[in-house]
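The following report describes selected features of one protein model. The sequence and structure are shown first, and the discussion then proceeds by topic.

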Amino acid sequence: MISAGLLITDGNRFLAELPLHQTPGEHHYDLPKGHVEEFDMDMKDTAFREAYEETGYNFDIYKDRAYPLSLNPIDYIKGKQIMLYRLDLKPEEMPDINYYKCNSYFKDKKTGRDVPEVIDYEYKPLSEIRLWLFNGYSRSFDAINIF
């Protein structure tokens, strides 16, 4: 299974998402990402679609500035690979953190109610990316050797 994700950064900080059922803290955050739904679907398009669904912000106006962090998908967690793209924005282009609102919902197994996939957003120091993101990203970051 392959996912595509977007590292949104101004070079000093990056957008970190707090998924449902996580509490703020080290190794509890994620990047906007999701499964590549069709074999021939463009992975960059998937990364941007997921960023829109999970943040409510349309980053497509910057799509030409995003670049892959590897030539091919890399191992992420057992049975999964990820294709990561980095989107470098100017500090003034980073949306206000309060703008973000998740538009991606799923049924809660306990209540049967629709719940958002992401419950909070923070800008974290890019130099601390390994500290804040789920541990599974460390394997990916080692493979691309940039963090």
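## Tyr100 and the nonpolar cores

In this predicted model, Tyr100 touches Leu15, Thr55, Tyr57, Phe59, Pro95, Tyr121 and Tyr123, with residues up to four places away in sequence left out of the count. Tyr100 also belongs to the largest nonpolar core, which has 22 residues. Within this core, Tyr100 is listed with Leu6, Ile8, Phe59, Leu87 and Leu89 as the residues that touch the most other members. Phe59 thus appears twice, as a contact of Tyr100 and as a member of this group.

Several elements supply at least two residues each to the largest core: strand S1 (2-9), helix H1, strand S6 (81-88) and strand S9 (118-125). A second core, separate from this one, has 18 residues. Among its members are Tyr76, Leu84, Leu133 and Ile144.

## Thr55 and Thr46 in helix H1

Which residues does Thr55 contact, leaving aside its neighbours within four places in sequence? They are Leu15, Glu17, Tyr99, Tyr100, Lys101 and Tyr121. Thr55 is located in helix H1. Its relative accessibility is 0%, and Thr55 is therefore classed as buried. The side chain of Thr55 also reaches the backbone oxygen of Ala51, at 2.6 Å.

Thr46 is likewise placed in helix H1. Because its relative accessibility is 0%, Thr46 counts as buried. Beyond its neighbours within four places in sequence, Thr46 is in contact with Ala4, Gly34, His35, Val36 and Met41.

## Asp42 before helix H1

Asp42 is found in the loop between S3 and H1. Is this residue buried or partly exposed? With a relative accessible area of 39%, Asp42 is partly exposed. The side chain of Asp42 reaches the backbone nitrogen of Lys44 at 3.0 Å. Asp42 and Ala4 are 38 residues apart along the chain, and their C-alpha atoms are separated by 9.4 Å. Ala4 is also one of the contacts of Thr46.

## The largest pocket

The largest pocket holds about 310 Å³ of space. Its lining consists of 18 residues, and those nearest the centre are Asp30, Lys33, His35, Lys80 and Glu117. Strand S2 (13-19), strand S3 (33-35) and helix H1 (43-55) are the elements that give two or more residues to this lining. Which element gives the most? S3 does, with three residues.

By class, the lining comprises eight nonpolar, seven charged and three polar residues. Two of the residues nearest the pocket centre, Lys33 and His35, also appear in contacts described elsewhere in this report: His35 is in contact with Thr46, and Lys33 is in contact with Ile82.

## Ile82 in strand S6

Ile82 lies in strand S6. At 0% relative accessibility, which is under the 20% limit for a buried residue, Ile82 counts as buried. When neighbours within four places in sequence are left aside, the contacts of Ile82 are Ser3, Gly5, Lys33, Pro73, Ile74, Tyr76, Tyr137 and Ser140. Tyr76, one of these contacts, is included in the second core. Between Ile82 and Leu18, the separation is 64 residues in sequence and 19 Å in space, C-alpha to C-alpha.

## Asp75 in strand S5

Asp75 is located in strand S5 (residues 74-75). Its relative accessibility of 40% is the reason why Asp75 counts as partly exposed. Not counting residues up to four places away in sequence, Asp75 touches Lys80, Gln81, Arg139 and Ser140. Lys80 is among the residues nearest the centre of the largest pocket, and Ser140 is also a contact of Ile82. Asp75 and Asn135 are 60 residues apart in sequence, and the distance between their C-alpha atoms is 13 Å.

## Positive phi angles at His21 and His27

Most residues other than glycine have a negative phi. His21, which is not a glycine, has a positive phi near 75°. His21 lies in the loop between S2 and S3, and its relative accessible area of 61% means that the residue is exposed.

His27 is also placed in the loop between S2 and S3. Its phi is positive, at about 65°, although His27 is not a glycine. How accessible is His27? It counts as partly exposed, because its relative accessibility is 28%.

Methods. Residues are numbered from 1 along each chain as its sequence is written. This is a predicted model: local features need pLDDT of at least 70, side-chain atom pairs count only at pLDDT 80 or more; totals for chains, interfaces and linings use all residues. Side-chain values use heavy atoms; hydrogens and water are left out. On a 1 Å grid over the protein atoms alone, a cavity is a set of points where a 1.4 Å probe fits but cannot get out, and a pocket is an open set with protein on both sides within 12 Å along at least five of seven lines; lining residues have an atom within 4 Å of a point. Grid points are joined across faces, edges and corners, and a volume is the space filled by probe spheres set on the points. Helices (H or I, at least four residues) and strands (E, at least two) are DSSP runs, numbered from the N terminus. Ala, Val, Leu, Ile, Met, Phe, Trp, Tyr, Cys and Pro count as nonpolar, Asp, Glu, Lys and Arg as charged, and the others, Gly among them, as polar. Buried means under 20% relative accessible area, exposed over 50%, partly exposed in between (1.4 Å probe, protein chains only). A polar contact is a pair of N or O atoms within 3.5 Å; within protein, one must be able to donate a hydrogen and the other to accept it, and residues adjacent in sequence count only if both atoms are side-chain atoms. Contact means heavy atoms within 4.5 Å. A nonpolar core is a set of buried Ala, Val, Leu, Ile, Met, Phe, Trp, Tyr and Cys residues joined through side-chain atoms within 4.5 Å.
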